[in-house]
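User: I'm new to this one and would like a close look at a single part. Could you pick a helix, walk me through its surroundings, and then show me a few other spots for context?

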Amino acid sequence: MMSERIRWSDFCDGEDAIHLAQVKLDSRSRTAKHDHDFHECFFVEKGRGQHWTEGGNRMLVPGDFYLVHPNQKHGIRSQGMEGLLFTNIAFVSDIVEGIIKKQKYLSSRWSETAYPKPIVLKERQRRLFFNLIQDIRDGGRGKFDAGYFVYGLCRILTVTDVNPDLAPLPEWMKEAITKMNTPENLRLGASCLVRLCGRSHEHVGRMFKKHLKLTPTQWITQERIRYACRLLETTQLGVIEIAFDCGFESTSYFHRMFKSYLDITPLQYRYRVASVQRLNQTMKSLQ
């Protein structure tokens with residue numbers, strides 16, 4: 001599929017320097033693959049989906065935040081019956097580029113060669129982020145407002161917050177999820193999660209649906225896929241070894257679940273990550 005280019009003038013007049021939008025994608029719908037002549041970022045509020053970039057496919061889950069450079073082609077796809085809800089903020093690039101040069105954190109993550117990766121916003125960061133959005137909604141759309149937002153965004157992203165993203169959860173859930181996120185416990189699956197929660201299977205299921213919008217099995221699969229991605233990125237383990245190390249009962253099931261989340265196979269994911277790493281090394285050697 002050929003990508004298209006979206007221009008600032010397509011949706012903003014000449015006086016605007018920042019644009020805010022809340023986007024809802026229905027089940028299995030997607031945005032066309034595109035690049036643009038402006039900087040943008042987006043935050044996933046609800047649902048599940050995929051983010052396609054030239055650096056590879058990644059899962060989209062609530063709490064994920066992305067910075068996207070103008071010349072990076074990308075597209076977003078919804079998955080599941082709930083659809084996907086995200087907040088998108090676009091900026092006139094002249095404003096952003098001037099600030100990025102002064103901010104090491106942004107310059108390392110919002111450049112043409114740094115392919116978008118998820119930044120998981122913690123609870124405090126989310127509150128600050130939505131307060132910043134409200135400030136812009138209540139104010140203007142000019143260059144000052146855009147600069148205010150980007151500086152505020154940098155401050156939010158570099159906040160050190162001792163309270164993890166699990167803050168809204170009951171203490172027993174936070175403790176269980178923290179303990180569960182180890183390779184040995186992920187391999188054991190739902191029975192281990194229920195045991196760590198210290199509640200009945202039915203109660204654990206109700207609380208996961210209430211707080212995380214996932215069943216315990218869906219949450220475990222999501223975390224196993226995340227772990228598999230880390231192993232594919234950082235080790236030379238074979239796909240069979242990774243499948244069993246992550247707790248999947250067979251390689252065919254691992255392939256099926258991995259592709260359902262990321263729309264590519266594990267080997268394709270590893271190849272794309274390796275290609276990006278080689279490109280980054282080449283770019284650094286030329287600087």
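Analyst: Here is a walk along helix α3 and the aromatic rings around it, followed by some stops elsewhere in the chain.

A quick word on the ground rules: this is a predicted model, where local features need pLDDT of at least 70, side-chain atom pairs count only at pLDDT 80 or more, and totals for chains, interfaces and linings use all residues. Residues are numbered from 1 along each chain as its sequence is written, and side-chain values use heavy atoms, with hydrogens and water left out.

Let's start with α3 itself. Helices and strands here are DSSP runs numbered from the N terminus (H or I with at least four residues for a helix, E with at least two for a strand). Helix α3 covers residues 123-138, which is 16 residues. From first C-alpha to last, α3 reaches 23 Å, close to the 22 Å expected at 1.5 Å a residue; that expected span is 1.5 Å times one less than the number of residues.

Which residues of α3 are buried? They are Gln125, Arg126, Phe129, Leu132, Ile133 and Ile136. (Buried is under 20% relative accessible area, exposed is over 50%, and partly exposed is in between, using a 1.4 Å probe and protein chains only.) Looking down the axis of α3, these buried residues fall within an arc of 125 degrees, so they line one face of the helix. The arc is taken from the directions from the helix axis to the C-beta atoms.

What does that buried set pack against? The partners are the strands β2 (18-25), β4 (39-53), β6 (64-68), β7 (74-91) and β8 (119-120), plus the helix α4 (143-157). Contact here means heavy atoms within 4.5 Å.

Ile136 gives a closer view of this. It sits in α3 and is buried, at a relative accessible area of 1%. Setting aside neighbours within four places in sequence, Ile136 is in contact with Ile18, Leu20, Arg141, Asp145, Tyr148 and Phe149. Ile136 and Ile18 are 118 residues apart along the chain, yet their C-alpha atoms are separated by 8.8 Å.

Now for Phe129, another of the buried residues of α3. Its relative accessible area is 0%, while Phe130 is partly exposed at 30%. Rings of Phe, Tyr and Trp (its six-membered ring) pair if their centres lie within 6.5 Å, with planes under 30 degrees apart called stacked, over 60 edge-to-face, and the rest tilted. By this rule there are 17 aromatic pairs. Phe129 and Phe130 have ring centres 5.4 Å apart and planes at 75 degrees, so that pair is edge-to-face. Both belong to one aromatic cluster, together with Phe43, Phe65, Phe91, Trp110 and Phe149. Phe149 is also a residue that Ile136 touches.

Rings turn up with charges too. A charge sits over a ring if NZ of Lys or CZ of Arg is within 6 Å of the ring centre and within 35 degrees of the ring normal. Lys33 lies over the face of Trp52, 4.3 Å from the ring centre, and the charged end of Arg224 sits over Phe248, 5.8 Å from its ring centre.

Next, two buried polar spots. Ser93 is in helix α1 (residues 93-100) and is buried at 14%. The side chains of Ser93 and His39 make a polar contact of 2.8 Å. (A polar contact is a pair of N or O atoms within 3.5 Å; within protein, one must be able to donate a hydrogen and the other to accept it, and residues adjacent in sequence count only if both atoms are side-chain atoms.) Asp35, in strand β3 (residues 34-36), is buried at 11%, and a polar contact of 3.2 Å joins its side chain to that of Arg5. Pro70 is among the residues touched by Ser93, and it is also among those touched by Asp35.

Last, helix α11 (residues 251-262), where Leu262 is found. Leu262 is buried at 1%, and Phe258, also in α11, is buried at 0%. Cys229 and Tyr269 are among the contacts of Leu262, and both appear among those of Phe258 as well. The C-alpha atoms of Phe258 and Arg48, 210 residues apart along the chain, are separated by 14 Å.
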